[in-house]
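Hi there,

Here is the structure I promised to pass on. Have a look at it first, and my notes on what turned up are just below.

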Amino acid sequence: MSNRTDIMNRTRSVVAAAAAAAGALVLIADPAGAAQASDPTHYVRPTIVLVHGAWADGSSWNAVTKRLQHQGYTVKVPPNTLRGVATDSENLKAYLSTINGPVVLVGHSYGGMVISNAATGNKNVKSLVYVDAYIPDAGETLGQLTGAEEGSALNVPDPSTVFNFVPIPNGGGNVDLYVKPELFPQIFAAGIDPDKAAVLAASQRPLAASALEEPSGTPAWKSIPSWALIGTADKVLPPAEQTYLTNRAHAHTVRVHAPHLSMVAKPDVVTDLITDAARH
């Protein structure tokens, strides 16, 4: 048998094993988890899933993750691909389907768009937490909500003054948007250590430009209790707009003097909000 044929056969075996494992996740429940869920007097500590926003990655949650793990919570920080509302939401929905038991789903910034769509119809999600986040209604877009109130440094007449454009191969003219590194600290991280802000600017992940105008679907916050944190020094999503969105969602809301990256600037406050949602 040639090396090429041998590799192909082994690859097929891996794929088949993965498919069988995925099926097993659906068919086999955790007996201990099932026993706890059937006992209404037994508190089942939820899994906390943290979803990052645009121009960030999972490391933006590091300080909060550390604090939650220290309190004994299972924390998961899946990557948000930043390709568009529908794609990112479906990816998160698939990820959530692999978690047994109750879930507290947390989204920062654009991550709020994603969790609002991904949690719809998922009975395991017991609460939603929005951190400086978009809380869309059906049909609303990222661009629409960003510009609904004055004050966003991203809502400018000429986007090229804020963003660098990188073509997406075979993207039909779509481009990736990067916030200009020299502007990133003052827009996203004012008040955060300059060296840390510079690292965040250098490691940002881009958002596909088409995501700005992609409408949201049916939002989960209409059926799932919500918590929210508003950073009063936010220069991305104006605090006035955040206040409107949190009021509309009837979210349990706290305010803190922090920039858009509240979980980096004020991780203790963000952690407290999440654990409050987890205990209810």
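**What I found**

In strand β7, A208 is the bridge partner of D176. Please keep in mind that this is a predicted model.

That bridge belongs to the contact between β6 (residues 175-179) and β7, which pair in the antiparallel sense over two bridges. The wider arrangement is an open sheet of three strands, ordered β5-β6-β7, with antiparallel pairing. Its edge strands are β5 (163-167) and β7 (207-208), each of which pairs on one side only. As a reminder, strands of a sheet pair through backbone hydrogen bonds, either parallel or antiparallel.

Strand β7 also turns up beside a helix. The buried residues of α5 pack against β7, and likewise against β1, α4 (85-96), β3 (103-108), β4 (125-131) and α6 (142-146). How many residues of helix α5 (residues 110-118) are buried? Nine of its nine, so to speak a full count, and the helix is mostly covered. For your selection, the buried residues are Y110, G111, G112, M113, V114, I115, S116, N117 and A118.

Helix α3 (residues 62-70) has two faces to look at. V64, T65 and L68 are buried there, with under 20% relative accessible area. These three cover an arc of only 100° around the axis, which puts them on the same side of α3. The face turned away from that buried side carries K66 and H70, both exposed. What lies over the buried residues of α3? The cover includes β1 (47-51), β2 (75-76), α10 (262-265) and α11 (267-279). Strand β1 is thus worth displaying with both helices: the buried residues of α5 pack against β1, and β1 is among the elements covering those of α3. Just after α3, G72 takes a positive phi of about 95°.

Last, the empty space inside. Rolling a probe the size of a water molecule over the atoms shows where empty space is left. The count comes to one cavity of 30 Å³ or more, and the largest cavity has a volume of about 60 Å³. Which residues line the largest cavity? They are W55, A56, D57, S59, S60, F184, L200, S203, Q204 and L261. By character, this lining divides into five nonpolar residues, four polar and one charged.

Happy to talk any of this through.

Best wishes

Notes:
Residues numbered from 1 in each chain as written. Predicted model: local features only at pLDDT ≥ 70, side-chain atom pairs only at ≥ 80, totals over all residues. Heavy atoms only, no water. Buried < 20%, exposed > 50% of the residue type's maximum accessible area, 1.4 Å probe, protein only. Helix = DSSP H or I, 4+ residues; strand = E, 2+ residues; numbered from the N terminus. Arc of directions from axis to C-beta. Contact = heavy atoms within 4.5 Å. Pairing = 2+ DSSP bridges. 1 Å grid on protein atoms, 1.4 Å probe; cavity = no way out; pocket = protein on both sides within 12 Å on 5 of 7 lines; lining within 4 Å. Points joined across faces, edges and corners; volume = space filled by probe spheres on them. Nonpolar A, V, L, I, M, F, W, Y, C, P; charged D, E, K, R; others polar.
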